[in-house]
Amino acid sequence: MRYSFIILLSICILACENSDGQSDTPTPTIPTVDAGYTPEVSLKEAASFPVGMATQAAYLDFFSYTDVLDKEFNSLTAEYQMKQNIIHTGPTAYNWGPSDALVNYGRRKGMRVHGHALVWHQSVPDWLENFEGTDAEFEEIVKSYIQTVVNKYGTDVASWDVVNEAFNDQGGIRETVFLERMGTDYVAKCFQYAREANPDMLLFYNDYGTVWDQAKLTNMLAMLNDFQKRGIPVDGVGLQMHITYNFPEISRIQFAVDELVKRGLKVHFSEVDIRVNPDGDISTFTGERAKAQEDRMREIVQAYQTIPPDLQFGITFWGLRDGDSWLINFWGNPEWPLLFTDAYQHKLAHKGFVEGL
Ligand code: G3I
């Protein structure tokens, strides 16, 4: 009996081994998507600069969300609820509810609140887009809006994206109602209005594509040179960093960072997400792409670390869980661009961030 059992066991073992005597159970050479990664430190504990999250008022009612938010981040950006189309309901009418919820949360939790964004062509309320008054009246409404919002929050909002995305994808100045009605110097005017309202507020220009589109970067830098020559108050620049796991090359990102540092401007990686499925070639989040995202995160944090500490405004992520990302609806592909799974598990991207410090 005993021998037959041993023979049977041997047959089973042999059946499980492949020709070179290895087990048939594949040894994963690439980590599984969560890799069983358990963080030893939170992002805000590990980083010497602020680590931010773009969030929405409705999310702040859920403990599973705020538990991670509070543990990992020390800066907040309103994903959309501090924009003009939400706040500015009429020439002298304001809806402060959503923005108050976000600012009050930040104050309660001791988190910095970065204001996003005072002037953006995609968040102009309809009544202003179609305003039938004079250009001078239009500009007075914009000036009054900027100064009302900046004054309303004072130092509860440490900084503002004063103008967002003023350059088009060909690098020229974007055709917007602000350009049309306030003239080619409208960006400078908006910064001056914000500075008049608050002498201490940090004022940012924010845009996308400046880490891969040479024309857009060149034109933005030319504007910043002009502003600095004319004494237009700009303290920093938001590089949005909506990038992919393999584009652009880190050298392009480093070049943009170095150009801002040369000008003594604070640098904010302001809307970070890392697409892993830009070509729509995967339908599940593979271990290979998880590892690629980890490596990409590590290298962009290493690039950020080259900035002198006094110019490091911080790194802000544009969403917490993969499923929260705007990218999914925008591009229509399955996507896993952020730091946490939909179950709030830390992804390898979190590991990459910490290792990049
Ligand atoms: O939450 C409401 C929902 O209650 C309502 O039923 C629905 C329909 O009205 O709207 C929902 O709010 C939407 C919100 O996203 C949350 O999903 C707003 O309409 C929609 O306008 C908003 O879009 C935001 C967009 O900016 C426009 O403000 C995106 O979340 C946000 O990710 C995106 O962020 C921009 C940056 O500000 C600038 N850089 C590019 C980036 C991506 O477009």
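# Exercises on a predicted fold

E165 sits in the loop that runs between β6 (159-164) and α8, where helices (H or I, at least four residues) and strands (E, at least two) are DSSP runs numbered from the N terminus. The model is predicted, with local features needing pLDDT of at least 70 and side-chain atom pairs counting only at pLDDT 80 or more, while totals for chains, interfaces and linings use all residues. Residues are numbered from 1 along each chain as its sequence is written, and side-chain values use heavy atoms, with hydrogens and water left out.

## Exercise 1: Backbone geometry

Determine what sign phi has at E165 and at M241, and decide whether each residue is buried or exposed.

Step 1. E165 is not a glycine, yet its phi is positive, at about 60 degrees. M241, likewise a residue other than glycine, has a positive phi near 65 degrees, and M241 belongs to the loop between β8 (236-239) and β9.

Step 2. For the second part, buried means under 20% relative accessible area, exposed over 50%, and partly exposed in between (1.4 Å probe, protein chains only). E165 has a relative accessible area of 7% and is therefore buried; M241, at 2% relative accessibility, counts as buried too.

Step 3. The backbone also contains cis peptide bonds, including the one that joins H116 and A117, with omega at about -10 degrees, and A117 is part of strand β5. Another cis peptide bond joins F247 and P248, with omega at about -5 degrees, and P248 is placed in the loop between β9 (242-244) and α11 (250-262).

## Exercise 2: Aromatic pairs

Describe how the rings of F269 and Y304 are arranged, and then how those of W326 and F330 are.

Step 1. Rings of Phe, Tyr and Trp (its six-membered ring) pair if their centres lie within 6.5 Å, and planes under 30 degrees apart count as stacked, over 60 as edge-to-face and the rest as tilted. A search of the whole structure finds 18 aromatic pairs.

Step 2. In one of these pairs, F269 and Y304 lie 4.8 Å centre to centre with 65 degrees between the planes, an edge-to-face arrangement. This pair links distant parts of the chain, since F269 is in strand β10 (residues 266-275) and Y304, 35 residues apart from it, in helix α12 (residues 287-304). Both F269 and Y304 are buried.

Step 3. The ring centres of W326 and F330 are 4.9 Å apart and the planes stand at 55 degrees, so this pair is tilted. W326 and F330 are separated by about one helical turn because they are four residues apart in helix α13 (residues 326-331). W326, with a relative accessible area of 28%, is partly exposed, whereas F330, with 53%, is exposed.

Step 4. F269 and Y304 also belong to one aromatic cluster, together with F49, F317 and F353.

## Exercise 3: Salt bridges

Find which residue D135 forms a salt bridge with, and which side chain meets that of K189.

Step 1. A salt bridge is a side-chain nitrogen of Lys or Arg within 4 Å of a carboxyl oxygen of Asp or Glu, and by this rule the count comes to 25 salt bridges.

Step 2. D135 forms its salt bridge with R181, and their closest N and O atoms are 2.8 Å apart. The two partners come from distant parts of the chain, D135 from helix α7 (residues 135-153) and R181 from helix α8 (residues 177-182), 46 residues apart. D135 is partly exposed, with a relative accessible area of 38%, whereas R181 is buried, with 13%.

Step 3. The side chain of K189 meets that of E139 in a salt bridge of 3.1 Å, N to O. This pair again links distant parts of the chain, with K189 in helix α9 (residues 186-197) and E139 in helix α7, 50 residues apart. K189 is partly exposed at a relative accessible area of 22%, while E139 is buried at 15%.

Step 4. A salt bridge also joins R321 and D324, whose closest N and O atoms are 2.8 Å apart, and both of these residues are buried. In addition, K291, E294, D295, R298, K351 and E355 are linked in a network of salt bridges.

## Exercise 4: The whole protein

State how many helices and strands the protein has, and what share of its residues is buried.

Step 1. The protein has 14 helices and 11 strands, and its C-alpha atoms fill a box of roughly 100 × 40 × 35 Å, taken along the principal axes.

Step 2. Of the 357 residues in the protein, 53% are buried. S123, in the loop between β5 (112-120) and α6, is buried, with a relative accessible area of 2%. The C-alpha atom of S123 is separated by 27 Å from that of N225, a residue 102 residues apart from it along the chain.
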